[in-house]
Amino acid sequence: MNIALRKLALLEKNLIQREEAARLEGYMTSPSDCAFRKQITELMDKVRVI
């Protein structure tokens with residue numbers, strides 16, 4: 001379970017960094033899938049509540 005949580009946290013961090021880099025380069029759209037990012041964010045929010 002601990003490994004899965006760390007992997008999710010790293011994935012979430014990577015998505016945020018990619019989106020920030022794209023925004024700094026001037027892109028208006030997100031390079032990641034919105035539904036995928038939303039699922040990861042919701043899972044991490046649920047884990048943080050526990």
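## Salt bridges between two helices

Arg37 lies in helix α2, which covers residues 34–49. The model is predicted. Arg37 is a useful place to start reading it.

**Arg37 and its surroundings**

Arg37 is partly exposed, at a relative accessible area of 25%. Beyond residues up to four places away in sequence, Arg37 touches Leu15, Ile16, Glu19 and Ser32. The C-alpha atom of Arg37 is separated from that of Glu12 by 7.4 Å. Along the chain, these two residues are 25 residues apart.

**The overall fold**

How many helices and strands does the protein have? The secondary structure comes to 2 helices and 0 strands. The radius of gyration is 12 Å, well over the 10 Å that the globule rule gives for 50 residues, so the protein is more spread out than a compact globule. The C-alpha trace spans about 35 × 15 × 15 Å along its principal axes.

Burial can be stated for the whole chain too. Of the 50 residues, 16% count as buried. The protein exposes about 4300 Å². Carbon and sulfur atoms supply 62% of that area.

**Helix α1**

Helix α1 runs over residues 2–25 and has 24 residues. From its first C-alpha to its last, α1 reaches 35 Å. That is close to the 34 Å expected at 1.5 Å a residue. Just after α1, Gly26 takes a positive phi of about 105°.

Which residues of α1 are buried? They are Leu8, Glu12, Leu15, Glu19 and Ala22. The cover over the buried residues of α1 includes α2. Two of the buried residues, Glu12 and Glu19, return below as salt-bridge partners.

**Salt bridges**

A search of the whole structure finds 4 salt bridges. Three of them are set out here.

| Pair | Closest N to O distance |
|---|---|
| Arg48 and Glu12 | 3.0 Å |
| Glu19 and Arg37 | 3.0 Å |
| Glu20 and Arg23 | 2.5 Å |

**Glu12 and Arg48**

Glu12 is found in helix α1. Is Glu12 buried or exposed? At 11% relative accessibility, Glu12 counts as buried, because the cut-off for burial is under 20%. Leaving aside neighbours within four places in sequence, Glu12 is in contact with Ile40, Thr41, Met44 and Arg48.

The side chain of Glu12 meets that of Arg48 in a salt bridge of 3.0 Å, N to O. Arg48 lies in helix α2 and Glu12 in helix α1, so the pair ties together parts that are 36 residues apart in sequence. Arg48 is exposed, with a relative accessible area of 53%. This bridge therefore joins a buried Glu12 to an exposed Arg48. Glu12 and Arg48 also belong to a network of salt bridges that links them with Asp45.

**Glu19 and Arg37**

Glu19 lies in helix α1. At 19% relative accessibility, Glu19 counts as buried. The cut-off is under 20%, so Glu19 falls on the buried side. Apart from neighbours within four places in sequence, Glu19 is in contact with Ser30, Pro31, Ser32 and Arg37.

What joins the side chains of Glu19 and Arg37? They meet in a salt bridge of 3.0 Å, N to O. Glu19 lies in helix α1 and Arg37 in helix α2, so the pair ties together parts that are 18 residues apart in sequence. The two side chains are also joined by a polar contact of 3.0 Å. Arg37 is partly exposed, at 25%, whereas Glu19 is buried.

**Glu20 and Arg23**

The third bridge in the table lies within helix α1. Glu20 and Arg23 have their closest N and O atoms 2.5 Å apart. Where do they sit relative to each other in α1? Being 3 residues apart, Glu20 and Arg23 are separated by about one helical turn. An α-helix has 3.6 residues a turn, so residues three or four places apart point the same way. Glu20 counts as partly exposed, at 33% relative accessibility. Arg23 is exposed, with a relative accessible area of 55%.

**In short**

Arg48 with Glu12 ties α2 to α1. Glu19 with Arg37 ties α1 to α2. Glu20 and Arg23 pair within α1.

Note on methods. Residues numbered from 1 in each chain as written. Predicted model: local features only at pLDDT ≥ 70, side-chain atom pairs only at ≥ 80, totals over all residues. Heavy atoms only, no water. Helix = DSSP H or I, 4+ residues; strand = E, 2+ residues; numbered from the N terminus. Buried < 20%, exposed > 50% of the residue type's maximum accessible area, 1.4 Å probe, protein only. Contact = heavy atoms within 4.5 Å. Expected span 1.5 Å × (residues − 1). Rg over C-alpha atoms; globule rule 2.2 N^0.38 Å. Areas by Shrake-Rupley, 256 points an atom, 1.4 Å probe, with all protein chains shown as cover. Polar contact = N/O pair within 3.5 Å; in protein donor to acceptor, adjacent residues only side chain to side chain.
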